[in-house]
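Work through the following exercises with the sequence and the model at hand. Each task is followed by a solution in steps.

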Amino acid sequence: MRKRILTGDRPTGRLHLGHYVGSLKSRVALQDEYEEFILVADVQALTTHFENPELIHDSIYQVAIDNLSSGLDPEKVTFVQQSMVGAIAELTIFYSMLVTVNQLSHNPTIKTEAKNYGYKEMTYGFLGYPVSQTADITFCNADLVPVGDDQVPHIEMARKIVRKFNELYGTSITEPDYKLSSVGRLCGLDGNAKMGKSLGNAVYLSDPEDVINQKVRAAVTDTNRISVKIPGNPDICTVFKYHKAFNEGESGNICSMCRNAAIGCVACKKLLAKALNDMLDPIREKRAYYEAHMDEVKDILASGTRKANEIGGRNIAEIKEKMHVSL
Ligand code: TRP
């Protein structure tokens, strides 16, 4: 039997190139070898966006389309809407007894995110989202979670919770492993170390050609290169980092041309915009198909969620029996 993967996204907007290099690409690559579950984590989205439920609702479909148009095959992959799986909510409550407030408040990702969101105080729901994420991963006994490095503390917490839970109640919930994405984090075209919606530097998978051209045109290059006549330094150039990530074939050549002042930043950016648009074209084509067939997208989410409920329902019944939470 194939091993099971569960991973997911918070639907707080559309997905961008950082998501693409960091996770979507590997989801696509792993869809044959593993049985994949893609969770649209709308409850987790509420932990930070509870005042904007309409945005979350819209984004559920956009995030599903971003995943589908990146190449995930709905015949192979199961899409799950988190809020519609009762077992996840039940498990969250049971797991919450085994985690202290202190452990959660020392979680480095929680600390960073609370700071980024400017929270002086954290809600119970936000502080506890790693517990609910543990339920996401384990309701279907996922073996593996492909993640970026920021999610590692959550998976480590999940492993601890599961170990303790199994010991206490004699259950056999799978202790999940993580798989770090091999590519590092994608920086922003503005030179910021990270690409993000809240950072205002996101390049979306759904951006049309002219928006891509304009975002690339505005990118930061080697700031010491004040004239095309002086050689540039690709090692410190954001645009060159993107050539390496999205235009590997040409990047060697571009690197030496830049060092020899044989290409200027304007021309170099044009090459990058072209490479990005070439990569995005088939994604745009699939997006256009799904946007014209929203019923199909809803069906994919509904049938995947139904399957998740069958699996989750069986597992939670067994777990509650073992816990003596029963009639
Ligand atoms: N916390 C993840 C993120 O911000 C999203 C997520 C929710 C997730 N549930 C998950 C990721 C379960 C992996 C497994 O990207």
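**Exercise 1.** Leaving aside its neighbours within four places in sequence, which residues is R287 in contact with?

*Solution.* The model is a predicted one. Begin by placing the residue: R287 belongs to helix 13. Next, take its accessibility. R287 has a relative accessible area of 6%, and the limit for buried is under 20%, so R287 is classed as buried. Finally, list the contacts, leaving out neighbours within four places in sequence: R287 is in contact with R14, Q62, I65, D66, S69 and S206.

**Exercise 2.** Which residues do salt bridges that share partners join into one network with R159? Describe the bridges made by R159.

*Solution.* Start with the whole structure, where a search finds 16 salt bridges. One of the pairs is E175 and R159, whose side chains meet with an N to O distance of 3.0 Å. This pair links distant parts of the chain: R159 is in helix 9 (152–169), while E175 sits in the loop between helix 9 and strand 5 (177–180), 16 residues apart.

Now take D177, which also forms a salt bridge with R159, with the closest N and O atoms 3.2 Å apart. Here the two residues are 18 apart, D177 in strand 5 and R159 in helix 9, and again distant parts of the chain are linked.

Then check accessibility. R159 has a relative accessible area of 22% and is partly exposed. E175, at 29%, is partly exposed, and D177 is partly exposed at 42%.

As a further pair, consider K215 and D207, with their closest N and O atoms 2.8 Å apart in a salt bridge. K215 is partly exposed at 23% relative accessible area, whereas D207 counts as buried at 8%. Returning to the network, salt bridges with shared partners join R159, R163, E175 and D177.

**Exercise 3.** Which residues of helix 11 are buried, and which helices do they pack against?

*Solution.* Helix 11 covers residues 238–246, and its buried residues are T238, V239, F240, Y242, H243 and F246. In an α-helix, residues three or four places apart point the same way because there are 3.6 residues a turn. The buried residues of helix 11 pack against helix 1 (17–30), helix 12 (248–259) and helix 13 (265–292).

**Exercise 4.** Is S251 buried or exposed, and what does its side chain reach?

*Solution.* First, the position: S251 is in helix 12. Second, the accessibility: S251 has 9% relative accessibility and counts as buried. Third, the polar partner: the S251 side chain reaches the backbone oxygen of E248 at 2.9 Å. Fourth, the contacts: with neighbours within four places in sequence left aside, S251 is in contact with F240, H243 and K244. Of these, F240 and H243 are among the buried residues of helix 11.

**Exercise 5.** Where does V325 lie, and which residues does V325 touch, not counting residues up to four places away in sequence?

*Solution.* V325 is found in the segment after helix 14 (294–322). Its relative accessible area is 36%. Partly exposed covers values between 20% and 50%, so V325 is partly exposed. With residues up to four places away in sequence not counted, V325 touches F94 and K320.

Note on methods. Residues are numbered from 1 along each chain as its sequence is written. This is a predicted model: local features need pLDDT of at least 70, side-chain atom pairs count only at pLDDT 80 or more; totals for chains, interfaces and linings use all residues. Side-chain values use heavy atoms; hydrogens and water are left out. A salt bridge is a side-chain nitrogen of Lys or Arg within 4 Å of a carboxyl oxygen of Asp or Glu. Helices (H or I, at least four residues) and strands (E, at least two) are DSSP runs, numbered from the N terminus. Buried means under 20% relative accessible area, exposed over 50%, partly exposed in between (1.4 Å probe, protein chains only). Contact means heavy atoms within 4.5 Å. A polar contact is a pair of N or O atoms within 3.5 Å; within protein, one must be able to donate a hydrogen and the other to accept it, and residues adjacent in sequence count only if both atoms are side-chain atoms.
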